[in-house]
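Colleague: I am new to reading protein models and would love a close look at one part of this one. Could you walk me through it slowly?

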Amino acid sequence: MKEEIKSRIELLRNEIKRRGLNAIIIPQSDPHQSEYLASHWQVRRYFSGFTGSAGTLVVTLSEALLWTDSRYFLQATQQLEGTGIILMKDGLPATPSIENYLKSVLVRGNVIGVDGWLFSINKVNSMIKTFKPAGIKLDTTVDVVDTLWKDRPSLPLNKIFEYDIKYAGKDAAVKIKEVLARTSGVGVAFISALDEIAWTLNIRCNDVNCNPVATGFLYLSSTGSVLFTMPEKVDDSVKAYLQSKGVKVLPYSEVAKFLSEVKEEEVYIDGERSCYAVLQLLGDKAVIGNSPVAMLKSCKNEVEIQGTHDAMVRDGVALVHAFRRIEAAMAEGKRLTEMCVADILQDERSKQPLYFDLSFETIAGYGPHGAIVHYEADEESNAVIGTDSLLLIDSGAQYLDGTTDITRTICLGTPTAEQRRDFTLVMKGHIALGTAIFPEETRGDQLDALARQFLWKNGLSYLHGTGHGVGHFLNVHEGPQSIRLNTVPYFMTPGMITSNEPGLYLEGKYGIRCENLVLTVPAFENQEFGKFYKFETLTLFPFDLKLFDTQIMTDEEIAWVNNYHKKVYAKLSSHLDEESRAWLAEKTKTLTR
């Protein structure tokens, strides 16, 4: 495979030369600015061999480089070895940005090729602004994929289905009106983001692994809307449903022609989730702003919140059965691997009512593999689970009434003092964030240090964000809110579901992550300072009691663990058989000094 990647890079470089370019930038993206991609759009993966969900490939006439973030440093190091592609560790002080690197190796008059369908409007405008003073030009019409990727997978043709209002909680016709009301008076919108289309129209599909979305574009207007997708995906019943909401269906391939001929004077588009090609097609008719869907979608309605609560109970039951099976296999001396753990989790979740799919591929990392933030075991790396290190399990499911995402770090033997200390420092941050009370109009970046403070005091840290938004039977990662060190221009608002997942990763030793999903809810209000909010923990499964070092915990922190475990037992026990209840009772017994 390494030699094949070298060959693909060389073919790409020859194509660059043929077109008179000096470099090309290939992102991990599609025309919808998705995080997770259908196989048809895995262009960067095809040319680099790197399988992470974030990263950008840059090829010049003399070098090939791949930028990715801290979640994938170890994975990228392994996958790029022997390919000739240089790993650029994005986010580290010593690593230049892609733009600064290209400015340092190119000269005035050079041309960089990008595909305008794969970059957002905001990103292209930023690159143009950066490169212009250096006299470097950007050609946004460069698509080399069909020329060089001969066996490229076709666009997904999975069937779209109507998402029942008993789960969605709000009619699509109402949502369309609400979205159009957020277009700064334009009254017409073009939506590219797949999860935003699915939410707006109350439709779902399985075009992207673990993300129940349909490939398409959506044109919204009070006088008639259009869903652009492959006709094979829409049967008569779905077509009739969409027509009842004022939406007709046109082929996905006709979107460019439609936009270039649109009759409206103005069309509202999101600069972050719309690709640059859309702007080029609309020209002066484009009005660029923030997504009119994102906040509506992120603030869950009462039906969605209740559905998520219900899904958490079934997910917790599945996890009780799964972790019991894992412990039993170890006790019986069976050979248990990381892939076995993932299979057990999926098997138990699949038995639950309303199960649809995983919400992402399970991360089960034992020992050093746990330090690879987005590790996914394969036949080559599949480690045997032992008793002398930590096992990190990050997993989740898509149920028709909600999406789950949970990480637990466990020890199947006797933990060391160092492991207990490290775990407890992470949990202290988890508890501090989970119990935070904060005023209205607080951003996620203002809360982030709460989760890191105890690690920082000990000279430790982690490089990923602390919390991401979670969809409702939609993408497990969604915006606009997040909890991270970088500035986040959105407030934590009631109805938002966000992860709380501090961690610690020691290369070559082990990884620790402790994750629950939390719901932003009102806390109290007073006349002088206004409204205050807090987090309600949604996830229902115990933490490993063996890993707590109570000597470095406060009484309040110990009480939080005990109260949380009481809640877990109360919510799950009535859904379990006698042996499973006994197991859960042991796992949720009172933590003491």
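Which strands does helix α14 lie across?

Modeller: Happy to help, and please keep in mind that this is a predicted model. Helix α14, residues 302–331, lies across β18 and β19. Its direction makes an angle of about 130 degrees with β18.

Let's look at the sheet under that helix. Three strands form an open sheet in the order β15-β18-β19, and their pairing is antiparallel. β15 (355–358) and β19 (402–403) are the edge strands, each with a single partner, so one side of each has no neighbour in the sheet. As background, strands of a sheet pair through backbone hydrogen bonds, either parallel or antiparallel. Here, β18 (residues 397–399) and β19 pair in the antiparallel sense over two bridges. To find this pairing on your screen, look for Tyr399, which stands opposite Gly402 in β19.

A second helix belongs in this picture. Helix α15, residues 338–350, lies across β15 and β18, and it runs at about 165 degrees to β15. So that you can place the two helices, remember that α14 lies across β18 and β19.

Now for the nonpolar side chains. The largest nonpolar core has 80 residues, and the members that touch the most others are Phe323, Val341, Phe548 and Leu572. Helix α14 supplies the largest share of this core, eleven residues. Val341 is a good residue to zoom in on. Apart from neighbours within four places in sequence, Val341 is in contact with Ile326, Leu336, Ala364, Ile385, Leu391 and Ile393. There is also a second, separate core of 45 residues, and among its members are Phe119, Ile121, Val124 and Ala277.

With that part in view, a few other places are worth a visit. One is the residue Gln33, in the loop between β1 (23–27) and α2 (43–48). Its relative accessibility is 17%, and buried means under 20%, so Gln33 counts as buried. Leaving aside neighbours within four places in sequence, Gln33 is in contact with Trp117, Leu118, Phe119, Ser120, Glu272, Arg273, Ser274 and Cys275. You have already met Phe119, as a member of the second core. For a sense of scale, the C-alpha atoms of Gln33 and Arg421 are separated by 40 Å, and these residues are 388 residues apart along the chain.

Another loop residue is Ser70, found between β3 (64–68) and α3 (73–80). Ser70 is buried too, with a relative accessible area of 16%. Not counting residues up to four places away in sequence, Ser70 touches Asp90, Val373, Leu463 and His464.

For another antiparallel pairing, find β22 (residues 467–469) and β23, which pair over three bridges. His468 stands opposite Ser482 in β23. Strand β23, residues 478–483, is mostly covered, with five of its six residues buried.

Finally, here is a pair of helices to try on your own. Helix α8 (residues 172–180) and helix α9 (residues 194–201) pack at an angle of about 125 degrees, and their axes are 7 Å apart. The two helices are therefore oblique to each other. On the α8 side the contact is made by Ala172, Lys175, Ile176 and Val179, and on the α9 side by Trp199, Thr200 and Leu201. Sorted by type, the residues of this contact are five nonpolar, one polar and one charged.

Conventions:
Residues numbered from 1 in each chain as written. Predicted model: local features only at pLDDT ≥ 70, side-chain atom pairs only at ≥ 80, totals over all residues. Heavy atoms only, no water. Axes fitted to C-alpha atoms, helices over the stretch in contact; angles between N-to-C directions. Helix = DSSP H or I, 4+ residues; strand = E, 2+ residues; numbered from the N terminus. Parallel < 35°, antiparallel > 145°, perpendicular 65-115°, else oblique. Contact = heavy atoms within 4.5 Å. Nonpolar A, V, L, I, M, F, W, Y, C, P; charged D, E, K, R; others polar. Pairing = 2+ DSSP bridges. Buried < 20%, exposed > 50% of the residue type's maximum accessible area, 1.4 Å probe, protein only. Core = buried A, V, L, I, M, F, W, Y, C linked by side-chain atoms within 4.5 Å.
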